[in-house]
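Trainee: I would like to learn how to read a protein model feature by feature. Could you take me through one slowly?

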Amino acid sequence: MTKQIHLAAHFPGVNNTTVWTDPRSLSQIEFSSFAHLAETAERAKFDFLFLAEGLRLREHAGRIHDLDVVGRPDTFTVLAALAGVTERLGLAGTINSTFNEPYEVARQFASLDHLSAGRAAWNVVTSWDAFTGENFRRGGFLPEDQRYERARQFLRTATELFDSWRGDEIIADAESGVFLADPRAGEFEHADAHFDIRGRFNVPRSPQGRPVIFQAGDSEAGREFAASAADAIFTRHGTLQAGKDFYADVKSRLAAHGRSREDLLVFPATTVVLGDSDADAQEQAAIIRKQQVSGPTAISFLEQLWNTDLSELDPDGPLPEFDPVVDADAITQGRASTRTLGDRVATARSWRELAEAKKLSVRELIIEVTARQSFIGSPSTVAEEMNRFVQEDASDGFILVPHLTPGGLDDFAAQVVPLLQERGVYRTEYPVATLRENLGLTPAPVS
């Protein structure tokens, strides 16, 4: 059976895929940029637009990282504004479960779902570092297992709040003067190790009942959390086989939670570079990667691993001959990517081996090891490869991460989407109203 492809747009924000030096790159914070990307995505019949979260400006060697100077505005404010300039596009926001409270977040998402007529989605994440936690009273003290436990309880509590209204309580009968059929509507009480709350939820049941739940993370705890409670999981994988392995793993976990394979969608983040031909696209991709990884940027990424000042190192020369510093405070603060470095000495050894085998300079090495999943080629080639990933169960769709704001999806929408539609693997119109329905997910039950 041929699968339908799901597509989503990621507003680039502050990350190392953004080429802010390009003359076509505009503001990352003005509403016109958000509106342009959202309107392009809706015109192309994307399922949703996704906003990541940045709770603190990242720092490197005590200075604000140059990719963070644009900041990141509040998620709910942006999504609520986008609800007014779109009609069918889903609105997905990353909201942290470590530094927020269930009542507040549930109220905001229920309100967004009402304002957007059923298009809200919540990417549930945890915070991992004390550096970010310094912005909040709670700080960053929770170890990883407790962060995920808090996230599970947070989502469970929020769900109880969403479900405290069934949806049939408001009758507003003017003749009898009866407004609520159930005078206890919205009442809740929840107590566990993290939350002890009771009261009345003041937002009636929204069009979707609950927002669509997303989870981002490739860790063991993240995969299990997604299998137990999420509607979709965001991931990264660089090859078709890696995608198939991840897809099979997370789908195999669902049965243990009483769920079917269709209950969880897999969305890898990907970049797309188009050209008049495959060769032209490869040339363009090489130029973009050099823009993304300048000489100074390459050195700063290398310093993340070596954990020491390498400012005198030539980015077009070889890697340092000495091993990383492992007994000092981290030179980089607030970048989640530092968690993937693992054993610094072992990672440095593998980077040296790669650089020697391919004769790579520092900059060339960083370009290679920081690369994302990418589709590069003519529109026809990209359409064919994206369809292959979905049909061979490496994903259910893709979150496209453009390198330019706000026009980075314009060519894809105009050139690739029609080819997917011609193949019969992508919609020509939104089939129904809510995000949950457009994703093919079952309606949210009332607990």
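Mentor: We will go from the domains to single residues, keeping in mind that this is a predicted model.

Trainee: How is the protein chain divided into domains, and how far apart do the centres of domain 1 and domain 2 lie?

Mentor: A domain may be built from more than one stretch of the chain, and that is the case for domain 1, which is assigned residues 6-276 together with 373-439, while domain 2 covers 294-369. The C-alpha centres of domain 1 and domain 2 are 31 Å apart.

Trainee: Which residues does UniProt place under the feature "binding site"?

Mentor: An annotation of this kind comes from a record, and it may be inferred rather than shown by experiment. In the unreviewed UniProt entry, the feature "binding site" is placed at Thr94, Tyr148 and Ser219.

Trainee: Where is Thr94 found, and is Thr94 buried or exposed?

Mentor: Thr94 belongs to strand S5, which runs over residues 90-96, and it counts as buried because its relative accessibility is 4%, where the cut-off for buried is under 20%. If we do not count residues up to four places away in sequence, Thr94 touches Phe50, Leu51, Ala52, Glu53, Thr75, Asn123 and Val125. With one of these, Leu51, there is a polar approach as well, since a polar atom of the Thr94 side chain lies 3.0 Å from the backbone oxygen of Leu51.

Trainee: And what is the setting of Ser219?

Mentor: Ser219 sits in the loop between strand S11 (212-216) and helix H6 (220-229), and with 28% relative accessibility it counts as partly exposed. The side chain of Ser219 reaches the backbone nitrogen of Gly222 at 3.0 Å.

Trainee: How should I read aromatic rings, and how many aromatic pairs does the structure hold?

Mentor: For each pair, look at the distance between ring centres and at the angle between planes, which counts as edge-to-face when over 60 degrees. The structure holds 18 aromatic pairs. One of them, formed by Phe154 and Phe195, is edge-to-face, with 5.7 Å from centre to centre and 80° between the planes. This pair links distant parts of the chain, 41 residues apart, with Phe154 in helix H5 (residues 144-162) and Phe195 in the loop between strand S9 (187-191) and strand S10 (196-200). Phe154 is buried at a relative accessible area of 0%, and Phe195 is buried at 3%. Elsewhere, ring pairs join Phe48, Phe50, Phe214, Phe234 and Phe267 into a cluster.

Trainee: How many residues does the largest nonpolar core have, and which have the most contacts inside it?

Mentor: In soluble globular proteins, nonpolar side chains tend to be buried together. Here the largest nonpolar core has 73 residues, and those with the most contacts inside it are Leu7, Phe46, Phe109, Trp122, Phe398 and Phe412. The largest share of this core, seven residues, is supplied by H5. Another core lies apart from it and has 17 residues, including Ala298, Ile299, Trp351 and Leu365. Returning to Phe109, its contacts beyond four places in sequence are Phe76, Gly93, Ile95, Ala120, Ala121, Trp122, Phe162 and Pro211.

Trainee: Can a loop residue be worth the same careful reading, and what would Ser395 show?

Mentor: Ser395 lies in the loop between helix H12 (379-391) and strand S16 (397-400), yet it is buried, with a relative accessible area of 0%. The Ser395 side chain reaches the backbone oxygen of Gly397 at 3.3 Å, and beyond four places in sequence Ser395 is in contact with Lys3, Tyr247, Val266, Pro268, Phe389 and Val390.

Trainee: Which backbone details should I look for, such as the phi of Lys45?

Mentor: Most residues other than glycine have a negative phi, and most peptide bonds are trans. In this model Lys45 has a positive phi near 65°; it is found in the loop between helix H1 (31-43) and strand S2 (48-51) and counts as buried at 15% relative accessibility. Ala172 also has a positive phi, of about 45°, but it lies in strand S7 (residues 170-173) and is partly exposed at 46%. As for peptide bonds, the one from Thr405 to Pro406 is cis, with omega near 5°, and Pro406 is placed in the loop between S16 and helix H13 (410-415).

Note on methods: Residues are numbered from 1 along each chain as its sequence is written. This is a predicted model: local features need pLDDT of at least 70, side-chain atom pairs count only at pLDDT 80 or more; totals for chains, interfaces and linings use all residues. Side-chain values use heavy atoms; hydrogens and water are left out. Domain bounds come from an automatic or database domain assignment. Helices (H or I, at least four residues) and strands (E, at least two) are DSSP runs, numbered from the N terminus. Buried means under 20% relative accessible area, exposed over 50%, partly exposed in between (1.4 Å probe, protein chains only). Contact means heavy atoms within 4.5 Å. A polar contact is a pair of N or O atoms within 3.5 Å; within protein, one must be able to donate a hydrogen and the other to accept it, and residues adjacent in sequence count only if both atoms are side-chain atoms. Rings of Phe, Tyr and Trp (its six-membered ring) pair if their centres lie within 6.5 Å; planes under 30 degrees apart count as stacked, over 60 as edge-to-face and the rest as tilted. A nonpolar core is a set of buried Ala, Val, Leu, Ile, Met, Phe, Trp, Tyr and Cys residues joined through side-chain atoms within 4.5 Å.
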